[in-house]
Amino acid sequence: MLFPEGVAIDGISGEVTPSTDRYTKKLSELSGLFHDAAAFDKVVAEGGDPIAYEVVDYRKQECDICFGTTIMMPGQVGGEYFMTRGHFHERKDCGEGYYTQSGEGLLLLESREGEVRTVEMKPGICAFIPPEWAHRSINTGSEKLVFVWFCATDAGHDYGTIRERGMRKLVVERDGRPAIIDNPNFA
Ligand SMILES: [Fe+2]
């Protein structure tokens with residue numbers, strides 16, 4: 001039997017208390033994601049393979065909803081900002097919400113039909129991610145980007161589609177600001 005409880009979420013650190021699970025993605029685990037492979041190898045080697053992001057869950061398998069945080073470090077690879085892998089949900093009826101707590105970023109979304117949208121990530125903005133839109137978050141700031149996500153427990157993650165073909169757009173720094181450009185490697 002599940003019991004109610006209050007879960008503390010620190011909007012600066014992203015810590016979730018109590019949490020049920022967590023994982024960390026080191027930059028080296030994001031091999032193939034960034035358009036500049038040589039710059040990627042250099043940042044991994046010279047930066048000591050830094051953490052790119054961490055995900056902390058509050059998830060009960062017996063319940064249909066779950067939530068947690070994603071804590072994204074600032075950084076760049078060849079002018080491209082640190083980002084998450086990006087995924088579709090396996091369930092075609094499952095959307096998600098991303099409520100930014102601190103930092104600044106861009107949520108890059110792409111529909112199955114190839115439409116591209118972005119939603120600004122900053123405190124006070126809760127991004128609505130409809131079903132069947134791939135989503136990738138990008139830390140465009142100089143501080144951690146922390147957001148709360150909430151979705152169906154069994155939404156499922158399809159990371160493979162984006163890993164294999166990439167997304168149609170890249171988010172890079174141009175003149176000190178984020179710019180959205182075509183991905184020359186898009187398959
Ligand atoms: Fe998702």
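User: Hi! How much space lies in the second largest pocket?
Analyst: This is a predicted model, in which local features need pLDDT of at least 70, side-chain atom pairs count only at pLDDT 80 or more, and totals for chains, interfaces and linings use all residues. Residues are numbered from 1 along each chain as its sequence is written, and side-chain values use heavy atoms, with hydrogens and water left out. A pocket is an open set of points on a 1 Å grid over the protein atoms alone, with protein on both sides within 12 Å along at least five of seven lines. Grid points are joined across faces, edges and corners, and a volume is the space filled by probe spheres set on the points; for the second largest pocket, that space is about 240 Å³.

User: Which element gives the largest share of the lining of the second largest pocket?
Analyst: Lining residues have an atom within 4 Å of a point, and there are 14 of them here, with E104, G105, E120, T140 and P178 nearest the centre. Two or more residues come from each of strand 10 (105-111), strand 11 (116-121) and strand 17 (177-182), where strands are DSSP runs of E, at least two residues long, numbered from the N terminus. The largest share, four residues, belongs to strand 17.

User: Is G105 buried or exposed?
Analyst: G105 is found in strand 10. Apart from neighbours within four places in sequence, G105 has contacts (heavy atoms within 4.5 Å) with E120, M121, I138, N139, T140 and L145. Buried means under 20% relative accessible area, exposed over 50%, and partly exposed in between, using a 1.4 Å probe and protein chains only. G105 has 5% relative accessibility, so this residue counts as buried.

User: Let's move on to the largest pocket. Which element supplies the largest share of its lining?
Analyst: The largest pocket has a volume of about 340 Å³. It is lined by 25 residues, and those nearest its centre are Y23, V55, H87, H157 and Y159. Strand 3 (21-26), strand 4 (51-58), strand 9, strand 13 (133-139) and strand 14 each give two or more residues to this lining. The largest share, four residues, comes from strand 14.

User: How many charged residues are in the lining of the largest pocket?
Analyst: Ala, Val, Leu, Ile, Met, Phe, Trp, Tyr, Cys and Pro count as nonpolar, Asp, Glu, Lys and Arg as charged, and the others, Gly among them, as polar. The lining has 10 nonpolar and nine polar residues, and its charged residues number six.

User: Why is strand 14 largely enclosed by the rest of the structure?
Analyst: Strand 14 covers residues 145-152. Two strands pair if DSSP finds at least two bridges between them, and strand 14 pairs in the antiparallel sense with strand 5 (residues 65-72) over eight bridges and with strand 9 (residues 96-102) over six. It is largely enclosed because, of its eight residues, the number buried is seven.

User: Which residue of strand 14 is the bridge partner of Y99?
Analyst: Strand 14 meets more than one partner residue by name: I71 stands opposite V146. For Y99, the bridge partner is V148.

User: Which strand gives the most to the lining of the largest cavity?
Analyst: A cavity is a set of grid points where a 1.4 Å probe fits but cannot get out, and the structure holds one of 30 Å³ or more. Its lining is made up of E80, M83, L108, R136, I138, K169, L170 and V171. Strand 13 and strand 16 each supply at least two of these residues. The most, three residues, come from strand 16.

User: Is D175 buried or exposed?
Analyst: D175 sits in the loop between strand 16 (169-174) and strand 17. Its phi is positive, about 55 degrees, although it is not a glycine. With a relative accessible area of 82%, D175 is exposed.

User: And is D49 buried or exposed?
Analyst: D49 also has a positive phi, near 50 degrees, in a residue other than glycine. Its place is in the loop between helix 1 (37-46) and strand 4; helices are DSSP runs of H or I with at least four residues. At a relative accessible area of 18%, D49 is buried.

User: Which residue does a cis peptide bond join to T17?
Analyst: The bond has an omega of about 0 degrees. The residue joined to T17 lies in the loop between strand 2 (16-17) and strand 3. That residue is P18.
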